[in-house]
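Please open the model in a viewer and keep the selection tool at hand. The stops below say what to select next and what is found there.

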Amino acid sequence: MAEIVALGIDVGSRSMELVALDAQAAVVDSARLPTTFHPVAQLAALLAGRTAPMVTATGYGRELVAQVVPAAVATITEITAYALGAAVCAPKARTILDIGGQDTKAIRLDAAGQVLKFEMNDRCAAGTGKFLEHMATVFQIPVEEFGVFALGGQEGVRINAMCTVFAETEATSLMAQGHRPEDIALALHASVCQRTASMLGRVGLTPPLLFAGGVARNPCMVRLVEKFTGVSPIIPKDPDTVGALGAAHHAWRRWASSARSAS
Amino acid sequence: MQHDAYRAMWERLDLDLPAHDGLLQVLGKFYGDIYMSQQGRLQGMEYLDFVLSEVHGLRIQELQEAKAQGRKVIGTFCVFVPEEITLAAGAIHVGLCAGAEAGTELAEQLVPRNTCALIKSFIGFKLARLCPFTQSCDLVVGETTCDGKKKAYEAFAEHVPMLVLEVPQQKQSCDRELWKAEVLRYKAEVEALTGQTITAQSLAAAIRTVNARRRVLQRLGALRAASPAPISGRDALLINQVSFYDDPVRFAGAISTLCDQMEARVAAGEGVAPADTPRLVLSGCPMAVPNWKLPYVVESAGAVIVGEESCIGTRNTRDLVDESGTTVEEMIDAIVDRYLRIDCACFTPNSERMDNVVDLARAQKADGVLQYTLLFCQPYGHESMKLARRLEAEGIPSLAIETDYSMEDVEQLKTRVEAFVEMLRSRRG
């Protein structure tokens, strides 16, 4: 394997990702693990002895990385990391939507890929991956299949509550009324998407739109984002690792400029 | 803090002593973490450290001594209560505790849960018997600046002697008439309370005293336009906060000395942060002592705050009362006009506030505006959306934060604020 010169690590609330770059800024390695309640131990497992001259951490656990990595660690926020990641995997994107485990972010970029404006959900996890995960559990369906299941639903049922607990109450009363579970699942996806669309509206959605984060793997969400915004989103090959990829490029730039000043 | 010397006084004021000890301990630690850890602080801030350490001690003792001599203490929650009239009648004017989570459960028995933290705080402080200022008051003056406060004062009136002034919601001539009638009603109430008749001489002196304090705070604000910033936003906020508690003449003297030090620092090109530090103006809801959460998050994220567009900030200090009046009638008119220039979000349409924020951001050479709205504050919540559009049109980046007094959202706030600071840095290139 080529020599790793830069590592990007994204410590999210649900999962952590790692991306390694070589001197040509090509991705030479990547890894992913759940965050759990023992993030430092998980980080050590994620790194598995890997190190690099430059490491950049992002995500809500970004400050933890310095405890595990021997090299000097720079930290950037997820907003900057996603903008940098988008510049690599979808260079023309002017808006990023990231729906992760606990956060939903909408970011608008200028033509040069710089952040112009961003919005994040508040401390409540409604409208995030966590919400869908919880609802999938209620439906006793693996979260990976929940989107496909919801695609089989028909419109006509509405979920109004924005709170996870209240939404569950609404879902169960809809079931008691005899609605098809697929239709209720579709309505739950639509309630998440409604919030997402208004967040995108507030930042001033400008296409092309990059849809990143674990929830971009959910086909029902992708279809609904397109329906609610009128914009067909770009889904990166690996939507979970856009933040880690951005962090890795941040580290790579630092490596390149230090290599230049050394020579 | 020399707590032991004050225990008898606190007991007489019917404070819940163990809970109050707990509060002072938390406050002391919080202050240490947020204030004493700062590098390159101005020497003059020692005065503020002292005043704050004695805010429940020496200052309360002063109030008790004044009361023993027959003076009255009037407590307020809002910059709309005309302090000139209080002082002209020989009374003492103080802001009341409303900046920390205290007695929340008790407060929620009097007001709905979806009430802002500031209102819950002042009710909680009273019900939990934690605020020696409230306990010292001969009169508490409320105002109708928002529905939350308006209705909360009805409940509060069962616990303190309460007077509510009606603040109009527009600024037309009939509104001015209403407000003038309210100012005159306040004058009559204060005269009745103190047994002193306000004269042209006492009112003129009071106007000069309050204006002098506003002028020194204006001077402080103007010095913060310098780059690098000569004082941290936290310290400047503290100065504004203390202006509501301290004796106005003594305070103006101490801050004037501090401004001299700042002037020397600016002349030497020195500051509390490097010249390339992103500069932010805070805008929105008031930050009462000890609500330092957001400024601390901002300045820990590598930015510096260079202005507060807030009731505890420029909304309180921007306008002076015209000093040219010679009769009580003329001076009352000048007071009425000055207070009606306040750009509180309770007014509609209040477009002057949009202009004032833009002007302040430009004057302070700010890179961006951080809008701060208390959760459940409708007036500022609405204006936050309007202001965001205006700032965007002016090419001034802004970020809106909605929060309360709890510490549970600090990590989320950090991410937002740090991302905003990163964005401003990358724009500077």
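**First stop: the largest pocket**

The largest pocket holds about 1,700 Å³ of space. The model is a predicted one. To centre the view on this pocket, select E119(A), M120(A), R202(A), A400(B) and E402(B), which are the closest to its centre among the 44 residues that line it.

Next, colour the elements that build the lining. From chain A, β8 and α6 (181–203) each supply at least two residues, and from chain B the elements β7 (368–374), α18 (378–393), β8 (398–403) and α19 (410–428) each do so as well. Which element gives the largest share of the lining? Select α18(B): the largest share, 8 residues, comes from this helix. Colouring the lining of the pocket by class gives 19 nonpolar, 12 polar and 13 charged residues.

**Second stop: the interface of chain A and chain B**

Now show the two chains in separate colours and select the residues that touch across the contact: 17 residues from chain A and 18 residues from chain B. Between them, chain A and chain B bury about 1,500 Å², of which 46% is on carbon and sulfur atoms.

How many salt bridges cross the interface of chain A and chain B? The rule finds 3. Side chains of opposite charge can pair when their charged atoms come close. For one salt bridge to inspect, select K117(A) and E392(B), where the closest N and O atoms are 3.1 Å apart. In addition, 8 residue pairs are in polar contact across the interface of chain A and chain B, with both residues at pLDDT 80 or more.

Turn next to the side of chain A that touches chain B. Here α2 (78–89) and β8 (115–120) of chain A each supply at least two residues. Select β8(A), which gives the most to this side, with 5 residues. By class, the side of chain A that touches chain B has 6 nonpolar, 5 polar and 6 charged residues.

**Third stop: the cavities**

Rolling a probe the size of a water molecule over the atoms shows where empty space is left. By the rule used, there are 6 cavities of 30 Å³ or more. The volume of the largest cavity is about 90 Å³.

To see the lining of the largest cavity, select L23(B), L27(B), V55(B), H56(B), C97(B), A100(B), F125(B), Y245(B), V289(B) and P290(B). This lining comprises 9 nonpolar residues, 1 polar residue and no charged residues.

**Fourth stop: links within chain B**

Over all chains, the count of salt bridges comes to 56. One of interest for this tour is found by selecting D21(B) and R7(B), whose side chains meet in a salt bridge (3.0 Å, N to O). D21(B) lies in helix α2 (residues 17–36) of chain B and R7(B) in helix α1 (residues 7–12) of chain B, so the pair ties together parts that are 14 residues apart in sequence.

Move on to Y47(B), which lies in helix α3 (residues 45–53) of chain B. Which residues are in contact with Y47(B), leaving aside its neighbours within four places in sequence? They are D246(B), R250(B), F251(B) and A254(B). Display the side chains of Y47(B) and R250(B) to see a polar contact of 3.4 Å that joins them. Then select L258(B): its C-alpha atom is separated from that of Y47(B) by 9.1 Å, although these residues are 211 residues apart along the chain.

**Last stop: the backbone in three loops**

Most residues other than glycine have a negative phi, and most peptide bonds are trans. The selections that follow depart from these patterns.

Select S227(B) and P228(B), where the peptide bond from one to the other is cis, with omega near 0°. P228(B) is in the loop between α11 (200–223) and α12 (233–242) of chain B.

Return to V289(B) and P290(B), two residues that also line the largest cavity. The peptide bond from V289(B) to P290(B) is cis, with omega near -5°, and P290(B) is in the loop between β5 (279–284) and α14 (293–300) of chain B.

Finally, select N350(B), which is not a glycine and yet has a positive phi of about 60°. N350(B) is located in the loop between α16 (328–340) and α17 (351–363) of chain B.

Key
Residues numbered from 1 in each chain as written. Chains lettered and ligands numbered in written order. Predicted model: local features only at pLDDT ≥ 70, side-chain atom pairs only at ≥ 80, totals over all residues. Heavy atoms only, no water. Contact = heavy atoms within 4.5 Å. Buried area = accessible area lost by both parts, 1.4 Å probe. Salt bridge = Lys/Arg side-chain N within 4 Å of Asp/Glu carboxyl O. Polar contact = N/O pair within 3.5 Å; in protein donor to acceptor, adjacent residues only side chain to side chain. Helix = DSSP H or I, 4+ residues; strand = E, 2+ residues; numbered from the N terminus. Nonpolar A, V, L, I, M, F, W, Y, C, P; charged D, E, K, R; others polar. 1 Å grid on protein atoms, 1.4 Å probe; cavity = no way out; pocket = protein on both sides within 12 Å on 5 of 7 lines; lining within 4 Å. Points joined across faces, edges and corners; volume = space filled by probe spheres on them.
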